[in-house]
Amino acid sequence: MTMADEQSESQTVTDLADLGSATGVDKPAPLPEKIVDAQGRAYATGKRKNAVARVWIKPGTGSIVVNGRDVAIYFARPTQQMVINQPFEAANRNDQYDVMCTVKGGGLSGQAGAVRHGISRALTRFEPELRAVLKAGGFLTRDDRMVERKKYGRRKARRSFQFSKR
């Protein structure tokens, strides 16, 4: 028996359990560790349009405070409240975290999107195993669509002035 025959015999895979050891891959890459501050909060920044949200989450009863006000008062529209709660629903973590955030710039729709982005990023820092779920839902991707700037000689970005023959 030659050396090559002995190596091929030792590399024979009989079932799927042996496949990992035959390829040299023993275990998957470790998840990143939990990133929290001294108060046990996870921090992240979320952005959408011209809005920037600074978000802190910690285990709690599910209260969300935006700029010192309750989320139902700050974001009065139900669609904006739904947008903010989407990451918790995707991760099955409803009413398990308290959220405190400050948001600046943009309008209410952009601010709601920024808070959602910040909550998603803070959740992945608090529980790294949720990253796959949130990434699949598209919550970790920064929506980079911005308002197109106004051009000279035009009324808006693309709209021309009204033409008149007179």
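**Briefing: sheet, helix pair and core**

Strand 3 (residues 64-66) runs parallel to strand 5, and 3 bridges join the two. The model is predicted. Strand 3 and strand 5 belong to an open sheet of 5 strands with mixed pairing. Helix 5 lies across strand 1, strand 2 and strand 5 of this sheet. Helix 5 also gives the most residues to the largest nonpolar core.

**Sheet**

- The strand order is 1-2-5-3-4.
- Strand 1 (42-48) and strand 4 (69-70) are the edge strands, each pairing on one side only.
- Strand 2 (residues 51-59) and strand 5 (residues 97-104) run antiparallel, joined by 8 bridges.
- Within that pairing, Met-100 of strand 5 stands opposite Trp-56.
- Strand 3 pairs with strand 4 in the antiparallel sense, over 2 bridges.
- Val-66 has partners in two strands: Cys-101 is its bridge partner in strand 5, and Arg-69 stands opposite Val-66 in strand 4.

**Helix 4 and helix 5**

- Two packed helices are described by the angle between their axes and the distance between the axes.
- For helix 4 (residues 78-90) and helix 5 (residues 108-126), the axes come within 8 Å and cross at roughly 10 degrees.
- Angles under 35 degrees count as roughly parallel, so helix 4 and helix 5 are roughly parallel to each other.
- On the helix 4 side, the contact is made by Gln-80, Val-83, Ile-84, Gln-86, Pro-87 and Phe-88.
- On the helix 5 side, the residues include Leu-108, Ala-112, Val-115, Arg-116, Ile-119 and Leu-123.
- The residues of this contact divide into 9 nonpolar, 5 polar and 1 charged.

**Helix 5 against the sheet**

- Helix 5 runs at about 145 degrees to strand 1.
- Strand 2 and strand 5 also lie under the path of helix 5, which lies across both.

**Nonpolar core**

- In soluble globular proteins, nonpolar side chains tend to be buried together.
- Here the largest nonpolar core holds 29 residues.
- Ile-57, Val-66, Phe-75, Ile-84, Val-115, Ile-119 and Leu-123 touch the most other members.
- Strand 1, strand 2, strand 3, helix 3 (71-74), helix 4, strand 5 and helix 5 each give two or more residues to this core.
- Helix 5 gives 7 residues.
- Leu-123 touches Ile-57, Pro-87, Phe-88, Tyr-97, Leu-130 and Leu-134, leaving aside residues up to four places away in sequence.
- Leu-123 is also one of the helix 5 residues that meet helix 4.

Notes:
Residues are numbered from 1 along each chain as its sequence is written. This is a predicted model: local features need pLDDT of at least 70, side-chain atom pairs count only at pLDDT 80 or more; totals for chains, interfaces and linings use all residues. Side-chain values use heavy atoms; hydrogens and water are left out. Two strands pair if DSSP finds at least two bridges between them. Helices (H or I, at least four residues) and strands (E, at least two) are DSSP runs, numbered from the N terminus. Axes are lines fitted to C-alpha atoms, for helices over the stretch in contact, and angles run from 0 to 180 degrees between N-to-C directions. Angles under 35 degrees count as roughly parallel, over 145 as roughly antiparallel, 65 to 115 as roughly perpendicular and the rest as oblique. Contact means heavy atoms within 4.5 Å. Ala, Val, Leu, Ile, Met, Phe, Trp, Tyr, Cys and Pro count as nonpolar, Asp, Glu, Lys and Arg as charged, and the others, Gly among them, as polar. A nonpolar core is a set of buried Ala, Val, Leu, Ile, Met, Phe, Trp, Tyr and Cys residues joined through side-chain atoms within 4.5 Å. Buried means under 20% relative accessible area, exposed over 50%, partly exposed in between (1.4 Å probe, protein chains only).
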